[in-house]
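Biologist: I should like to understand the reasoning behind the terms used for this protein. Please set each value against its criterion.

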Amino acid sequence: MGARRGQPPKATAADWSRAALSAIADSGVAGVNVERLSRVLGVTKGSFYGYFPDRDALIASALELWEAEHEARMIAPLRAVADPVRRFELMAASTLLRQREPPLADSGPMAADVSAVELSLMNDRDREDVADALARVVAARVDFLTECLTQIGHAPSRARQLAVSAYTLSLGAEVLRRNAPAIAAETDEAHVATILAPYLHPQASGPEPHR
């Protein structure tokens, strides 16, 4: 049922969580201010206490939403791509060039913000809940990349090494976009193709490391 005439729509718990996540993307956990978020949502602070006992509960809900968005909007669409080479290329275009090609084009605005949230959260990793969420998201991303690279033809241990390298590269690209956007803009498709060669061609990545 919609709001009665003359009354603003009521904010849901999901609205509060998404607003908190946007605040985290902009300014970290410190940005989760109940009074400010109530103004953003156009509701009173009483709306907040109808859903959450305190600010920490809202932060926990926002972190859960971030993890769910990471899986639903970044990982799940790529899993639907049968060809592992194409799958890896799409991920690279998304993280290095910020291109939203199908099937990623329909994944919504949060897909482009997942990494921004991650960078902001790194400043708050002294919080146990933040550190745990970061660890789970990074592990999920690296596991997905490892699986993809193994399917491309890399030996498992090599695939794991390259997955960690690819994740580090994508995170570095996000840092560059944030701190030096003009330099980040110099990255083009030809540059990315050169970077991707060792990932997409197993014979170019060197021999399996000795243990």
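Modeller: Read along the sequence, the pattern is α-α-α-α-α-α-α-α-α-α, with ten helices and zero strands. Please bear in mind that this is a predicted model.

Biologist: Why are H5 and H7 called oblique to each other?

Modeller: Helix H5 (residues 84-96) and helix H7 (residues 128-152) pack at an angle of about 140°. Angles over 145 degrees count as roughly antiparallel, and 65 to 115 as roughly perpendicular. The angle of about 140° falls in neither range, and the pair is therefore oblique. The axes are 8 Å apart, and H5 passes H7 in a left-handed crossing.

Biologist: Which residues of H5 and H7 meet?

Modeller: From H5 come Pro84, Val85, Arg87, Phe88 and Met91. Their partners in H7 are Arg141, Phe144, Leu145, Cys148, Leu149, Gln151 and Ile152. By class, this contact has nine nonpolar, one polar and two charged residues.

Biologist: How do you know that the span of H5 agrees with the expected one?

Modeller: The expected span is 1.5 Å times one less than the number of residues. For the 13 residues of H5 this gives 18 Å, and the end C-alpha atoms are 18 Å apart, so the two agree. H7, with 25 residues, reaches 36 Å from its first C-alpha to its last, close to the 36 Å expected.

Biologist: What makes H5 mostly covered?

Modeller: Ten of its 13 residues are buried, a term that requires under 20% relative accessible area. Among them are Pro84, Arg87, Phe88, Leu90 and Met91. The cover over the buried residues of H5 includes helix H4 (55-79), H7, helix H8 (156-179) and helix H10 (189-200). For the protein as a whole, 41% of the 211 residues count as buried.

Biologist: Why is Thr146 called buried?

Modeller: Thr146 lies in helix H7. Its relative accessible area is 12%, and the cut-off for buried is under 20%; Thr146 therefore qualifies as buried. Leaving aside neighbours within four places in sequence, Thr146 is in contact with Pro156, Ala159, Arg160 and Ala163. Other buried residues of H7 include Val130, Leu134, Val137 and Leu145.

Biologist: What phi does Gly153 take just after H7?

Modeller: Gly153 takes a positive phi of about 135° there.

Biologist: Among contacts between residues at least 6 apart in sequence, what share joins residues at least 24 apart?

Modeller: The share is 69%.

Technical notes
Residues are numbered from 1 along each chain as its sequence is written. This is a predicted model: local features need pLDDT of at least 70, side-chain atom pairs count only at pLDDT 80 or more; totals for chains, interfaces and linings use all residues. Side-chain values use heavy atoms; hydrogens and water are left out. Axes are lines fitted to C-alpha atoms, for helices over the stretch in contact, and angles run from 0 to 180 degrees between N-to-C directions. Helices (H or I, at least four residues) and strands (E, at least two) are DSSP runs, numbered from the N terminus. Angles under 35 degrees count as roughly parallel, over 145 as roughly antiparallel, 65 to 115 as roughly perpendicular and the rest as oblique. A crossing is left-handed if the near helix is turned anticlockwise from the far one by less than a right angle, and right-handed if clockwise. Contact means heavy atoms within 4.5 Å. Ala, Val, Leu, Ile, Met, Phe, Trp, Tyr, Cys and Pro count as nonpolar, Asp, Glu, Lys and Arg as charged, and the others, Gly among them, as polar. Buried means under 20% relative accessible area, exposed over 50%, partly exposed in between (1.4 Å probe, protein chains only).
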